[in-house]
Amino acid sequence: MCGRYIHLRKQLSTLEPLMASNFDFLSLKPYTPPSWASHLDPIPSHIVSLAHLPTPIHRWNLPNLPPNTEVWLKRDDLSGMQLSGNKVRKLEFLMAGAIAEGADSVITIGGIQSNHCRATAVAAKYLNLDPFLILRTSKLLVDQDPALVGNLLVERLVGASLQLISKEEYAQIGSVTLANLLKQKLIKEGRRPYVIPVGGSNSLGTWGYIEAIREIELQIQSGTSNVKFDDIVVACGSGGTIAGLALGSSLSTLKARVHAFSVCDDPDYFHNFVQGLLDGLKAGVNSGDIVHIQNAKGLGYAMNTSEELNFVKEVAEATAVRLLMQC
């Protein structure tokens with residue numbers, strides 16, 4: 001599972017989601033940050049409306065919870081079908097950045113079934129930008145047609161340009177260099193590409209989950225009872241979501257402790273990466289002070305044990321919530 005659900009543990013009673021207008025979908029709007037984030041730098045000038053917000057929060061009736069413990073879900077899987085999950089919040093700012101730079105295309109990179117790459121391809125086409133995707137796969141499959149399966153189906157239907165690379169080449173060359181090589185190639189062809197990093201995780205994309213904290217604040221304020229979430233628990237696959245959540249929670253009235261479970265790299269890597277995102281916003285905080293990161297990669301990225309798959313099945317049977325196993 002990566003990025004679609006935010007687990008909120010709560011002390012008191014209920015809250016109600018806010019009503020939102022859908023008439024500004026795909027519009028480019030001036031952006032004003034929350035007052036508690038106005039000291040961050042740089043502040044985005046604009047945002048593109050891509051997500052169906054606010055996403056609802058509801059109690060998650062998990063069986064066998066400890067006494068006096070409640071778990072609530074922030075349903076970011078409901079932020080829009082083709083753009084669902086945490087990716088779309090980041091893309092609202094990243095696509096505004098592409099438009100501001102006069103781009104005619106976007107480049108991003110990820111795994112062969114990356115939700116981020118799918119969402120980026122769809123968002124780009126919505127905004128009349130051509131998507132170029134660099135997709136990591138096994139050495140055995142890199143020279144084969146990627147077929148019409150899962151996210152690849154959506155990407156190919158919307159006309160995304162796909163470049164496959166083996167996991168070995170990816171590890172040797174690195175995502176940043178791969179994206180920049182493609183960028184230079186497109187520039188030589190007269191294109192104006194805009195690069196979006198793995199998972200949309202850079203300092204600009206971090207604003208997506210700073211905004212999510214403001215959304216949670218407003219949802220709490222609109223509720224009929226006083227509520228307080230003690231902890232926010234989320235999976236971590238690229239670092240941008242936890243950077244925004246942790247920074248936003250620490251600056252806002254929420255003050256919930258943020259816990260992240262890393263599904264690929266080690267906690268030390270993510271603490272260092274998140275620190276870079278925070279420094280890019282001149283936040284003046286230490287990542288180790290605002291987020292606790294625990295290793296949860298198990299067998300490896302997108303590799304599941306029978307016990308994990310059985311757990312997904314049991315949770316779905318008990319609560320009708322489908323946990324995802326791919327970022």
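In this predicted model, pLDDT stays under 50 over residues 11-20, a stretch for which the model has 31 contacts beyond four places in sequence. Where pLDDT is low, the predicted coordinates should not be read in detail, and the contacts of residues 11-20 are therefore best treated with that caution. For the chain as a whole, the mean pLDDT is 90, and 92% of the residues reach 70 or more.

The secondary structure of the chain comes to 10 helices and 12 strands. Along the principal axes, the C-alpha atoms fill a box of roughly 60 × 45 × 40 Å. A compact globule of 327 residues would be expected to have a radius of gyration near 20 Å, and the 19 Å computed for the chain agrees with this expectation.

Helix α1, formed by residues 87-100, takes part in two of the helix packings described here, one with α2 and one with α6. The axes of α1 and helix α2, which covers residues 115-126, come within 10 Å and cross at roughly 45°, which makes α1 oblique to α2. The crossing in which α1 passes α2 is right-handed. On the side of α1 the contact is made by Lys87, Leu91 and Met95, and on the side of α2 by Asn115, His116, Ala119, Thr120, Ala123 and Ala124. Sorted by class, the residues of this contact between α1 and α2 comprise 5 nonpolar, 3 polar and 1 charged.

The second packing of α1 is with helix α6, residues 203-222, where the axes lie 7 Å apart and the angle is about 135°; α1 and α6 are therefore oblique to each other. Here too a right-handed crossing is found as α1 passes α6. From α1, the residues Arg89, Lys90, Phe93, Leu94 and Gly97 meet Leu204, Gly205, Trp207, Gly208, Tyr209, Glu211, Ala212 and Glu215 of α6. The contact of α1 with α6 has 6 nonpolar, 3 polar and 4 charged residues.

A further packing joins helix α7 (residues 240-251) and helix α8 (residues 267-280), whose axes come within 9 Å and cross at roughly 60°, so that α7 is oblique to α8. In passing α8, α7 makes a right-handed crossing. Gly240, Ile242, Ala243 and Leu247 form the α7 side of the contact, while Val274, Leu277 and Leu278 form the α8 side. These residues divide into 6 nonpolar and 1 polar, with no charged residue in the contact of α7 with α8.

Some features of the backbone also deserve description. Most residues other than glycine have a negative phi, and most peptide bonds are trans. Against this background, the peptide bond from aspartate 41 to proline 42 is cis, with omega near 5°, and proline 42 is placed in the loop between β2 (28-30) and β3 (46-48). Another cis peptide bond, with omega of about 0°, joins leucine 53 and proline 54, and proline 54 lies in the loop that runs between β3 and β4 (57-59). Asparagine 128, a residue other than glycine, has a positive phi near 65°, and asparagine 128 is found in the loop between α2 and β7 (130-137).

Note on methods: Residues are numbered from 1 along each chain as its sequence is written. This is a predicted model: local features need pLDDT of at least 70, side-chain atom pairs count only at pLDDT 80 or more; totals for chains, interfaces and linings use all residues. Side-chain values use heavy atoms; hydrogens and water are left out. Axes are lines fitted to C-alpha atoms, for helices over the stretch in contact, and angles run from 0 to 180 degrees between N-to-C directions. Helices (H or I, at least four residues) and strands (E, at least two) are DSSP runs, numbered from the N terminus. Angles under 35 degrees count as roughly parallel, over 145 as roughly antiparallel, 65 to 115 as roughly perpendicular and the rest as oblique. A crossing is left-handed if the near helix is turned anticlockwise from the far one by less than a right angle, and right-handed if clockwise. Contact means heavy atoms within 4.5 Å. Ala, Val, Leu, Ile, Met, Phe, Trp, Tyr, Cys and Pro count as nonpolar, Asp, Glu, Lys and Arg as charged, and the others, Gly among them, as polar. pLDDT is the predictor's confidence in each residue, from 0 to 100. The radius of gyration is taken over C-alpha atoms; the globule rule is 2.2 Å times the number of residues to the power 0.38.
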